[in-house]
Amino acid sequence: MLSRRVFAGVAVAALALAGCSSKGDPGTDPSASADAGGLASITGELKASGASFPNTYYQEVILSLKDAAPNFKVTYNSIGSGAGKKEYGSGLVDFAGTDSTVKDTDGVPAGSYLYIPTVAAPITVSYNLKGVDKLQLSPVTLAKIFQRTIKTWNAPEIAADNPGVTLPATAISVAHRSDGSGTTNNFTKYLAAAAPSDWKLGSGDTVAWPADTQAGAKNTGVAQLIKAADGGIGYVDLSDAKDSGLPFAAIKNKDGQFVLPTLEGATAALAGAEVKEDLTFNPLNAAGATSYPITAPTYLLVKPKYDDPKKAELVKAFVKYLLNDGKAIAAEVNYAVLPTELQAKALAQLDKVS
């Protein structure tokens with residue numbers, strides 16, 4: 001497998017080969033290639049913050065950008081979707097990352113943003129249970145675990161999902177996000193959709209978790225809590241789960257199949273997602289035998305109009321690079337690229353930025 005840095009090199013090489021596009025791919029059309037080819041002459045700086053879910057991907061793309069455009073500096077501060085939206089609404093950043101849509105309480109003025117979808121990825125249900133290296137969970141069982149109706153690993157509901165597996169009587173230690181999080185939003189939205197009669201905590205960037213659960217900042221913080229406790233379980237993006245060496249459960253999807261979190265499963269979920277006019281979409285609990293049911297989208301919030309026209313051009317240049325050349329990096333860091341039609345719409349959305 002190629003290293004992340006080698007993939008970054010592939011992205012830069014793609015710039016040099018502008019014009020050698022694959023037919024039918026909106027990410028490599030002549031106008032996109034011309035835009036990418038002009039990156040080397042760009043000078044300027046952009047600041048952004050937000051979701052930790054896509055952070056690994058964004059940081060790798062920014063790393064490759066340093067080679068393609070040495071005088072173009074982009075920083076992305078992974079502080080969670082909720083905090084990122086607040087900073088964007090306060091004018092502290094040029095754009096923001098979020099895995100959840102904007103609500104009236106987020107501090108983002110109406111009309112001040114456009115959604116740019118970037119990638120999608122599985123939210124894993126990662127766990128740490130001595131002697132158990134394969135685990136299956138249905139949505140109802142998952143709901144009961146996270147709202148603390150089920151408190152031990154040998155509970156009948158978990159045993160029913162895992163025939164033939166010896167489960168210990170270890171206490172379950174639930175880990176969740178402490179910060180306002182799009183990962184939390186999508187995970188709880190999934191439970192509300194897939195187990196509506198059993199999930200009682202609602203959905204949102206934050207929810208009222210039971211008092212005997214543990215809270216960690218960002219996806220990495222949740223992963224650390226899971227690793228620290230025999231019997232731990234929590235929800236973590238695929239990239240951070242793999243980086244932490246955590247095993248993760250196969251989740252029963254809408255078609256009744258237990259599916260592990262993979263890019264193939266995420267891509268299958270994306271294929272059936274309905275895209276709204278503002279380019280938000282929902283691949284959660286998607287139909288299809290191979291669909292991974294907890295597949296989450298992620299977006300950038302960009303301004304329709306920037307006070308400084310130069311800033312608008314910088315934002316457009318970076319997002320085009322992210323959507324086009326960033327595709328060479330996405331799979332290596334465990335993110336699924338957008339379907340061709342949705343990527344074309346995301347690029348077209350940039351035409352509204354001035």
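Hi everyone, let me start with one lysine: Lys345 comes out as partly exposed, at 37% relative accessibility. Before I go on, please keep in mind that this is a predicted model.

So who does Lys345 pair with? Its partner is Glu341, and the two form a salt bridge whose closest N and O atoms are 3.8 Å apart. Both residues sit in helix 13, which covers residues 340-349, and they are four residues apart, or about one turn of the helix. Glu341 counts as exposed because its relative accessible area is 58%, and the cut-off for that label is over 50%.

Now to the wider picture. How many salt bridges turn up in a search of the whole structure? The search gives eight. Let me walk you through two others.

One of them joins the side chains of Asp205 and Lys85, at 3.1 Å from N to O. This pair connects distant parts of the chain, with the two positions 120 residues apart. Asp205 is in the loop between helix 7 and strand 7 (214-216), while Lys85 belongs to helix 4, residues 81-89. Are these two buried or exposed? Both Asp205 and Lys85 are buried. There is also a third residue to mention here: through salt bridges with shared partners, Lys85, Asp106 and Asp205 form one network.

The other is between Lys311 and Asp94, whose side chains meet at 3.7 Å, N to O. Lys311 is in helix 11 (residues 309-324) and Asp94 is in the loop between helix 4 and strand 3 (95-98), so this salt bridge ties together parts that lie 217 residues apart in sequence. As for accessibility, Asp94 has a relative accessible area of 13% and is therefore buried, given that buried means under 20%. Lys311, at 22% relative accessibility, counts as partly exposed.

Let me finish with a pocket, the second largest one. Its volume is about 210 Å³. Which residues come closest to its centre? Of the 13 that line the pocket, those are Lys189, Lys276, Thr280, Phe281 and Asn282. Two elements give two or more residues to the lining, namely helix 7 (182-194) and strand 11 (295-302). And if you like to think about side-chain chemistry, the lining splits into three nonpolar, five polar and five charged residues.

You may have noticed helix 7 coming up twice: it contributes to that lining, and the loop that holds Asp205 runs between helix 7 and strand 7. That's my tour, and thanks for listening!

Note on methods: Residues numbered from 1 in each chain as written. Predicted model: local features only at pLDDT ≥ 70, side-chain atom pairs only at ≥ 80, totals over all residues. Heavy atoms only, no water. 1 Å grid on protein atoms, 1.4 Å probe; cavity = no way out; pocket = protein on both sides within 12 Å on 5 of 7 lines; lining within 4 Å. Points joined across faces, edges and corners; volume = space filled by probe spheres on them. Nonpolar A, V, L, I, M, F, W, Y, C, P; charged D, E, K, R; others polar. Salt bridge = Lys/Arg side-chain N within 4 Å of Asp/Glu carboxyl O. Buried < 20%, exposed > 50% of the residue type's maximum accessible area, 1.4 Å probe, protein only.
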